[in-house]
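Trainee: I should like to learn how strands, sheets, helices and buried side chains are read from a model. May we work through one example together?

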Amino acid sequence: MTFNEKCVEAQVGNMNVKISTGKMAKQASGAVVIQSGDTMVLVTVVGTKEAKPGQDFFPLTVNYTEKTYAGGKIPGSFFKREGRPSEDETLICRLIDRPIRPLFPESYLCDTQVMATVISAEEDHDPAILSMIGASAALMISDIPFEGPIAGVKVGRVDGKLIANPSAEQLKLSDLEIVVAAGKDAIFMVEGEADFVSEEDLLEAVFFAKDAVQGILAAQEELAKQVATAKREVAPLVVDEALKAKVQELAFDRIAQAFKIKAKQERYAAVALIKEEVVAALAEEFEGRGKEIKGFIGDIEYDRMRNDVLETGIRIDGRDTRTVRPIAIEAGLLPRAHGSTLFTRGETQVLAAATLGTSQDEQRMDSLYGEFRKKFMLHYNFPPFSVGETSFRLAPGRREIGHGMLAERAISAILPSHDDFPYTIRIVAETLESNGSSSMATVCGGCLSLMDAGVPVKAPVAGIAMGLIKEGNKVAILTDILGDEDHLGDMDFKVAGSADGVTALQMDIKIGGVSKEIMQQALKQAKEGRLHILGKMAQCLTAPREEMSSFAPRITTIYIKPDRIRDVIGSGGKTIRSITEATGVMIDIDSDNSGKINIASSDKAACDAAIEMIRGLTDEVEEGKLYMGTVKKIMEFGAFVEVLPGTDGLVHISELDETRVKNVTDILNEGDKVLVKCIGVDKQGKIKLSRKAALGQSLEEKD
């Protein structure tokens, strides 16, 4: 059997990308295998032929799955089978979904599913980037209408030089890591993190990415020509102009009045009432068309909000385009949490709590490339009551995972090194109210919760969400957007960072033609807003608290000789267990053979006791040092004195006193405590001690 396989290739930075079709999954509407190096991803797309009756939205589903066989592994779970998506898989689903979703015709409402399956994986060739390109390529060769192509690329920067699709080693040296999705003339999505990089440098990186993908965009178009699949006809939306006119007549002025209500819930209630009354007024003439009527009212809302901003510069809540909503902050309100902050900005409110833990609290992560552990976690929750709704929720959704990761990236840049602050850190952000940009409120509240916990952060960080309204040549960039402005606007651009630079960003653009100048202005306004918020945060906490919560564990780090680690552990772990049982502390021995030991306890006395026990097991006798020892055995020629646990030395009879001693027992007896000085250690390791040399001295004086 032969396959009619078609292939194209293109270089995207460090990756040579090959896209082929015709061999696998031929019953899908479109299927490609995309490969770079040893990484291969099968991407399929299927679209039903007809929309469901009454369908009024586009049901697009994107799934990304990493098969463990791709990395030559067997799943680590009990069932030994891939299960629910990991957080990384969920985040990559969003990377694929967000740039392609706006590129389907408005009237196309058929169920559509994109599935990306990693079937071979190599660390230097990112399957996420290949999946983004593959999703576009599969759509391009299918009969599904799609206004592509688009392509994804990862950008890093090493020693000031921008790199497209950097290797894993290059990323370790990079001061930024962003993923950009772009088309021929437009940028559709940006997501990533940076190490206090300036707005100007970020802008350069974004447009560098756009240039880098042009070759793979052309390759996708060439593949589509080779396959030559006819795109299905999609009927344009049919608008009942008569009904639209009547809705306009009944609702336009009332919506304009409702949009003067600044409070979100009151405004929503007023609009909901208008919809009900307009539907009721037209029910007899247009029976059963309530959805359509409400859709026309939604169009009025869309036009009203946008026109008001473009014509007057005044927004729904009465602000101008640059003003940040009022901010209220309270730190330390949860007595048992190690750090906490209630951050309120307008009608968005987040309660952030920080918890400090030990190495036992690290999150174990299992990836295609091996196991690793996370020492910092941020978990973002968005309960339905935050927007006055009810829902049945069992686990965090894709949105919660995505928003949490964005905030985690923003804050991770300011954390101290683990060597300097050997704690596992977890932040939980509870969204209590939401009217836009709860993820950026999480950055602000999360940062302050760390400072309240006494974590020595490098600098405070804040986040802000920017919006865009563009009609022809009229442009308005909005600072600190509301939920309505996100929903009805053309861009959602979240930027987080310190006063010195950006640490994380996420941008989704719903329209083409956003120029470099517009993005530059958005970044400039974002910095102004960020500095304003940082000023408000400084009024609450100017620096991390000097003392940690009394409920937080204290971690003390000591170092011993690496070859003495076995003495601390003991046979089968017997010794280390005895220390933890006796003191109640947690002992963590670094696995890097450095001799580093962390002792954690909220009880300082217990921690000190454990340290003393470890020192007793591992310290070695030093010449010239004083020791308080115990006489273990009396001999005619001297006494054996234990100066460290399991370590003794000989005090020769001539070293017992300044005058001649006839019998050892005239000076010492078994069980006596005696201060001695080490006067030598011979080549065989035998220790020579002297009571005579220690006379008149004390351990305190020596220390």
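Mentor: Let us begin with pairing: two strands count as paired if DSSP finds at least two bridges between them. The model before you is a predicted one. In it, strand S4 and strand S6 (residues 112-120) pair in the antiparallel sense over 8 bridges. Within that pair, Val-46 has Gln-113 of S6 as its bridge partner.

Trainee: How many bridges does S4 form with strand S3?

Mentor: Strand S3 (residues 30-36) is joined to S4 by 7 bridges, again in the antiparallel sense. Val-33 stands opposite Leu-42 in S4. The two strands form a hairpin with 2 residues between them. In that turn, Gly-37 has a positive phi of about 60°.

Trainee: Is S4 mostly covered or mostly open?

Mentor: Strand S4 (residues 39-47) is mostly covered, with 7 of its 9 residues buried. The cut-off to bear in mind is that a buried residue has under 20% relative accessible area.

Trainee: Which residues does Ala-138 touch, leaving aside those up to four places away in sequence?

Mentor: Ala-138 belongs to helix H2 (residues 127-141). Its contacts outside the local stretch are Gly-30, Ala-31, Val-32, Val-43 and Val-45. Because its relative accessible area is 0%, Ala-138 is classed as buried. As a check on sequence separation against distance, take Phe-57: Ala-138 and Phe-57 are 81 residues apart along the chain, and their C-alpha atoms are separated by 22 Å.

Trainee: Let us turn to the sheets. What is the strand order in the open sheet of 8 strands?

Mentor: A strand order lists neighbours from one edge to the other. Here the order is S8-S7-S9-S10-S21-S20-S18-S19, and the pairing is antiparallel. Strand S8 (161-164) and strand S19 (474-479) are the edges, each pairing on one side only. Between neighbouring strands of this sheet the average turn is 15°, with direction ignored. At the S8 edge, strand S7 (residues 151-158) is joined to S8 by 4 bridges, and the two run antiparallel. Arg-157 has Leu-162 in S8 as its bridge partner.

Trainee: Which strands does helix H1 lie across?

Mentor: Helix H1 (residues 87-100) lies across strand S9 (176-182), strand S10 (187-197) and strand S21 (502-509), and runs at about 130° to S10. Helix H9 also packs on this sheet, touching S10, strand S20 (491-497) and S21, with its direction at about 150° to that of S21.

Trainee: Is Glu-191 buried or exposed?

Mentor: Glu-191 lies in strand S10. Its relative accessible area is 7%, so it is buried. One then looks for polar partners of the side chain. The side chain of Arg-98 makes a polar contact with that of Glu-191 at 2.5 Å. The side chain of Arg-409 makes another polar contact with that of Glu-191, at 2.8 Å. Beyond its neighbours within four places in sequence, Glu-191 is in contact with residues including Leu-95, Glu-177, Ile-178, Val-179, Leu-505 and Gln-506.

Trainee: What is the pairing in the open sheet of 5 strands?

Mentor: The pairing there is mixed, and the strand order is S11-S12-S13-S17-S16. Its edge strands, each pairing on one side only, are S11 (327-331) and S16 (376-381). For this sheet the average turn between neighbouring strands is 15°, direction ignored. Within it, strand S13 (residues 348-357) and strand S17 (residues 424-433) pair in the antiparallel sense over 9 bridges. Gln-349 has Glu-433 in S17 as its bridge partner.

Trainee: Which strands of this sheet do helices H9 and H12 lie across?

Mentor: Helix H9 (residues 398-412) lies across S16 and S17, at about 140° to S16. Helix H12 (residues 516-540) lies across S11 and strand S12 (339-345), at about 35° to S11.

Trainee: At what angle do H4 and H12 pack?

Mentor: For a helix pair, one reads the angle, the axis distance, the handedness and the contact residues. Helix H4 (residues 199-212) packs against H12 at about 145°, with the axes 10 Å apart. The crossing is right-handed. H4 contributes Glu-199, Leu-203, Val-206 and Phe-207, while H12 contributes Lys-516, Met-519, Gln-520, Leu-523, Lys-527 and Arg-530. By class, this contact has 5 nonpolar, 1 polar and 4 charged residues.

Methods
Residues are numbered from 1 along each chain as its sequence is written. This is a predicted model: local features need pLDDT of at least 70, side-chain atom pairs count only at pLDDT 80 or more; totals for chains, interfaces and linings use all residues. Side-chain values use heavy atoms; hydrogens and water are left out. Axes are lines fitted to C-alpha atoms, for helices over the stretch in contact, and angles run from 0 to 180 degrees between N-to-C directions. Contact means heavy atoms within 4.5 Å. A crossing is left-handed if the near helix is turned anticlockwise from the far one by less than a right angle, and right-handed if clockwise. Ala, Val, Leu, Ile, Met, Phe, Trp, Tyr, Cys and Pro count as nonpolar, Asp, Glu, Lys and Arg as charged, and the others, Gly among them, as polar. Buried means under 20% relative accessible area, exposed over 50%, partly exposed in between (1.4 Å probe, protein chains only). A polar contact is a pair of N or O atoms within 3.5 Å; within protein, one must be able to donate a hydrogen and the other to accept it, and residues adjacent in sequence count only if both atoms are side-chain atoms.
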